[in-house]
Amino acid sequence: MCVLCADLVTSVHWTEGVRKETDSDMAYAGSQDSRLHRRRRLEMVAMLNQILAFYGLTVSDWNGVRFVVSDKKGQTVMAQNLSEVWQETERLSSRLPDPLDDTLLRFISQSN
């Protein structure tokens, strides 16, 4: 499949949200499922940015199919899914992301 087609018709990763029996596991550009997927993804990006700020990183959405993870030095990498975001977080920050880290949890609660 070409890159353009892969962006228009893409399999939704299991971390993209809860599937209902009526949900399609394919998101077609312009469909109602696509709009719902996009909204959920932007909410995820907002939450990720709260967490990744602790590691000195930011994340943005790229066309609803990939994440762009960046550090303050300008280094940027693409991640296909949430699992890869965590891998890239570890690589760019040289720190193992731990969602139960007390310092991280205090950082998040103070930023809200």
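The legends below accompany close-up views of a predicted model of one protein.

**Figure 1. Overall fold of the predicted model.** The secondary structure consists of four helices and five strands. Followed along the sequence, these elements come in the order α-β-β-α-β-β-β-α-α. The protein has 112 residues, and 34% of them are buried. Of the contacts between residues at least 6 apart in sequence, 36% link residues at least 24 apart. The average pLDDT is 80, and 71% of the residues reach a score of at least 70. Residues 25-29 have pLDDT under 50 throughout, and the model shows 16 contacts beyond four places in sequence for this stretch. Where pLDDT is low, predicted coordinates should not be read in detail.

**Figure 2. The hairpin of strands β3 and β4.** Strands β3 and β4 are antiparallel and are paired through six bridges. They form a hairpin with three residues between the strands, and Asn 63 in the turn has a positive phi of about 60°. Trp 62 has Arg 66 of β4 as its bridge partner. In a regular strand, side chains alternate between the two faces of the sheet. Strand β3 displays such alternation: Leu 57, Val 59 and Asp 61 point to one face and are buried, whereas Thr 58, Ser 60 and Trp 62 point to the other face and are not buried.

**Figure 3. Gly 64 in the loop between β3 and β4.** Gly 64 belongs to the loop that links β3 and β4. Its relative accessible area is 7%, so Gly 64 counts as buried, the limit being under 20%. Beyond its neighbours within four places in sequence, Gly 64 makes contact with His 37, Arg 38 and Arg 41. The C-alpha atoms of Gly 64 and Arg 35 lie 9.7 Å apart, although 29 residues separate the two in sequence.

**Figure 4. The hairpin of strands β4 and β5.** Strand β4 (residues 66-71) runs antiparallel to β5, and four bridges join the two. Val 69 is paired with Val 77 of β5 as its bridge partner. The two strands form a hairpin with four residues between them; in its turn, Gly 74 has a positive phi of about 100°. The side chains of β5 (residues 76-79) alternate, with Val 77 and Ala 79 buried on one face and Thr 76 and Met 78 pointing to the other, where they are not buried.

**Figure 5. The largest nonpolar core.** This core contains 17 residues, of which Leu 48, Val 59, Phe 67, Val 69 and Val 85 touch the most other members. At least two residues of the core come from each of α2 (32-52), β3 (57-62), β4, β5, α3 and α4 (102-111). Helix α2 contributes the most, with four residues. Val 85 is in contact with Leu 48, Leu 52, Phe 67, Val 69 and Ala 79, apart from its neighbours within four places in sequence.

**Figure 6. Aromatic residues around Tyr 55.** The structure contains two aromatic pairs. Phe 54 and Tyr 55 make an edge-to-face pair, with ring centres 5.1 Å apart and 90° between the planes. Both Phe 54 and Tyr 55 are buried. Together with Phe 107, Phe 54 and Tyr 55 form one aromatic cluster. Tyr 55 is situated in the loop between α2 and β3. Its relative accessibility is 8% and therefore Tyr 55 counts as buried. Apart from neighbours within four places in sequence, the contacts of Tyr 55 include Thr 89, Ser 93 and Leu 104. Between the C-alpha atoms of Tyr 55 and Glu 90 the separation is 8.9 Å, while the two residues are 35 residues apart along the chain.

**Figure 7. Ser 93 in helix α3.** Ser 93 is part of helix α3, which covers residues 82-93. With a relative accessible area of 16%, Ser 93 is buried. A polar atom of the Ser 93 side chain lies 2.6 Å from the backbone oxygen of Thr 89. Beyond its neighbours within four places in sequence, Ser 93 is in contact with Tyr 55 and Leu 57. Of these contact partners, Tyr 55 lies in the loop between α2 and β3, while Leu 57 is one of the buried residues of β3.

Conventions: Residues are numbered from 1 along each chain as its sequence is written. Side-chain values use heavy atoms; hydrogens and water are left out. Buried means under 20% relative accessible area, exposed over 50%, partly exposed in between (1.4 Å probe, protein chains only). A polar contact is a pair of N or O atoms within 3.5 Å; within protein, one must be able to donate a hydrogen and the other to accept it, and residues adjacent in sequence count only if both atoms are side-chain atoms. Contact means heavy atoms within 4.5 Å. pLDDT is the predictor's confidence in each residue, from 0 to 100. Two strands pair if DSSP finds at least two bridges between them. A nonpolar core is a set of buried Ala, Val, Leu, Ile, Met, Phe, Trp, Tyr and Cys residues joined through side-chain atoms within 4.5 Å. Rings of Phe, Tyr and Trp (its six-membered ring) pair if their centres lie within 6.5 Å; planes under 30 degrees apart count as stacked, over 60 as edge-to-face and the rest as tilted.
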